[in-house]
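Please open the model in a viewer and keep the sequence panel visible. The tour below proceeds by selections, each followed by an account of what is found there.

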Amino acid sequence: MTRLLRRFGIGAALATAALWAGATSAGAQTVSGQVLDQGTNAPLPGVVVILLDASDRAVEQSLTNQSGEYRLSTGGAGTFRVRTLRIGYRPATSEPFALA
């Protein structure tokens, strides 16, 4: 299983998300991570996390849980980005990353 770790900022008080990407059965991929407030390092629940493909189309969407954690699935390999949205924070989008 290949894992990929990335960090990106979100919002006015800025939060950080760690993305873990790994292979699952039948060629599907999973991207998971945690969104934290950068100022306090506290987990951010209720953040909309959207997985975008190379054409900026939404592939999967989820909300972070009480611990700020999320898990998104893809249909397989490709180049993706993660976008985060939450009231009170500016939207943020990660740099592109490849899943094999």
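Which residue stands opposite F80 in β9? The residue is F97. The model in view is a predicted one, and this pair serves as the starting point of the tour.

**Stop 1: strand β7 and its partners**

Select β7, which covers residues 78–85. Strands β7 and β9 run antiparallel and are joined by 3 bridges; the pair of F80 and F97 belongs to this part of the view.

Next, add β4, residues 48–52. β4 pairs with β7 in the antiparallel sense, over 5 bridges. Display L51 and look across to β7, where its bridge partner is V82.

Then add β8, residues 92–93. This strand also runs antiparallel to β7, and 2 bridges join them. R83 stands opposite T93 of β8. The two strands form a hairpin with 6 residues between them. Select G88 in the turn: its phi is positive, at about 90°.

**Stop 2: R86, in the loop after β7**

Remain in the loop between β7 and β8 and select R86. Is R86 buried, exposed or partly exposed? It counts as partly exposed, with 28% relative accessibility. Setting aside neighbours within four places in sequence, R86 is in contact with L44, P45, G46 and V47. Show the backbone of P45 as well: its oxygen lies 3.1 Å from a polar atom of the R86 side chain. A further selection is L63, which is 23 residues from R86 in sequence, while the C-alpha atoms of the two are 9.8 Å apart in space.

**Stop 3: the loop between β4 and β5**

How many salt bridges does the structure hold? There are 2. To view one of them, select D53, in the loop between β4 and β5, together with R57. Their side chains meet in a salt bridge, with 3.2 Å from N to O. The partners differ in their surroundings: D53 is buried, at a relative accessible area of 16%, whereas R57 is exposed, at 53%.

Keep D53 selected. Its side chain also reaches the backbone nitrogen of S55, at 2.9 Å. Not counting residues up to four places away in sequence, D53 touches V59, T79 and F80. The last of these is the residue that stands opposite F97.

Now move to D56, which is found in the loop between β4 and β5 as well. D56 forms a salt bridge with R81, and the closest N and O atoms are 2.4 Å apart. This pair links distant parts of the chain, since D56 lies in the loop between β4 and β5 (58–63) and R81 in strand β7, 25 residues apart. D56 counts as partly exposed, at 41% relative accessibility. Its phi is positive, about 65°, although D56 is not a glycine.

**Stop 4: N41, in another loop**

Select N41, in the loop between β3 and β4. Here too a residue other than glycine has a positive phi, near 65°. N41 counts as exposed, with a relative accessibility of 53%.

**Stop 5: strands β3 and β6**

Select β3, residues 29–37, and β6, residues 69–74. The two pair in the antiparallel sense over 6 bridges. Display Q29 and find its bridge partner in β6, which is T74.

With β6 still selected, show its side chains. Which residues of β6 point to one face and are buried? They are Y70, L72 and T74. E69, R71 and S73 point to the other face and are not buried. In a regular strand the side chains alternate between the two faces of the sheet.

**Stop 6: the largest nonpolar core**

As a final selection, display V31, V35, V49, L51, Y70, V82 and F97. These residues touch the most other members of the largest nonpolar core, which has 13 residues. The elements that give two or more residues to this core are β3, β4, β6, β7 and β9. Several members have appeared at earlier stops: L51 and V82 as bridge partners, F97 opposite F80, and Y70 among the buried side chains of β6.

Technical notes
Residues numbered from 1 in each chain as written. Predicted model: local features only at pLDDT ≥ 70, side-chain atom pairs only at ≥ 80, totals over all residues. Heavy atoms only, no water. Salt bridge = Lys/Arg side-chain N within 4 Å of Asp/Glu carboxyl O. Buried < 20%, exposed > 50% of the residue type's maximum accessible area, 1.4 Å probe, protein only. Helix = DSSP H or I, 4+ residues; strand = E, 2+ residues; numbered from the N terminus. Core = buried A, V, L, I, M, F, W, Y, C linked by side-chain atoms within 4.5 Å. Contact = heavy atoms within 4.5 Å. Polar contact = N/O pair within 3.5 Å; in protein donor to acceptor, adjacent residues only side chain to side chain. Pairing = 2+ DSSP bridges.
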